[in-house]
Amino acid sequence: MDDINVLKLDSSYKPIELITWQDAFILTWLKKAYVVEYTQHWVHSATQKFQIPAVIALIRFVDEKIFTVPCTTKNVMLRDGHLCQYCGKSSKEAQLNIDHVVPRSKGGLTSWENVVTACTSCNQTKKDLFLHETTLKLAKIPKKPSYRALIRKKIGNVNDSWIRYL
Ligand SMILES: [Zn+2]
């Protein structure tokens, strides 16, 4: 029960993030949010019982532009669907690496436009070479994902009642 997550929307029903059901309770109790849909789960206190929400909506509108989408290993792999961007193979997260298209040793930055998910084997082929010095080809040009695209991938299809909000 502790691992029940609640999808938090803003006032325009735009997905913001996943929160714990305890945080969802607090937000609704403070009247900062209201319940859009419930789960089938209940919690019992000494005197009352409460139904755990599946989806809540904030009273306020959240401007998507304020979200930063940090270029972290986790987020890059999420953007790339955990697929090696050179050979297309999927691997367990542990076996995937982040490759700098323009090598760091040659001034390449850790930015959305310069890092991709790569399997160990492609990563070893790439070494610190420029792409044109190898036989590798990028599946697509890396770019910064929108917050919405990333949260959609993060949430995936874990919960049927969330899909229509993503
Ligand atoms: Zn590969």
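Histidine 44 has its bridge partner in S4, at lysine 49. This pair offers a handy way into the predicted model, since the strands around it can be followed from there. Strand S3, spanning residues 33-44, runs antiparallel to S4, and eight bridges pair the two. The connection from S3 to S4 is a hairpin of four residues.

S4 also leads to the interior. The largest nonpolar core is made up of eleven residues, namely Val6, Leu7, Trp21, Ala24, Leu27, Ala33, Ala54, Val55, Ile56, Ala57 and Trp162. Two or more of these residues come from each of strand S1 (5-9), helix H1 (21-29) and strand S4 (49-58). The top contributor is S4, which supplies four residues to this core. A second core, of nine residues, lies apart from this one, and its members include Val76, Tyr86, Cys119 and Cys122.

One member of the largest core, Ala57, is worth a closer look. Leaving aside residues up to four places away in sequence, alanine 57 is in contact with Leu9, Ser11, Tyr13, Ala33, Tyr34 and Val36.

On the scale of the whole chain, the domain assignment recognises domain 1 at residues 5-64 and domain 2 at residues 73-133. The centres of domain 1 and domain 2, computed over C-alpha atoms, are 37 Å apart.

Finally, a word on confidence. The chain has a mean pLDDT of 91, with 98% of its residues at 70 or more. Among its elements, strand S6 (residues 115-119) has the highest mean pLDDT, at 97, while helix H4 (residues 147-155) has the lowest, at 85.

Definitions and conventions:
Residues are numbered from 1 along each chain as its sequence is written. This is a predicted model: local features need pLDDT of at least 70, side-chain atom pairs count only at pLDDT 80 or more; totals for chains, interfaces and linings use all residues. Domain bounds come from an automatic or database domain assignment. pLDDT is the predictor's confidence in each residue, from 0 to 100. A nonpolar core is a set of buried Ala, Val, Leu, Ile, Met, Phe, Trp, Tyr and Cys residues joined through C-beta atoms within 7 Å. A residue is buried if 20 or more other C-beta atoms lie within 10 Å of its own, exposed if 12 or fewer, and partly exposed in between; C-beta atoms are placed from the backbone. Two residues are in contact if their C-beta atoms, placed from the backbone, lie within 7 Å. Two strands pair if DSSP finds at least two bridges between them.
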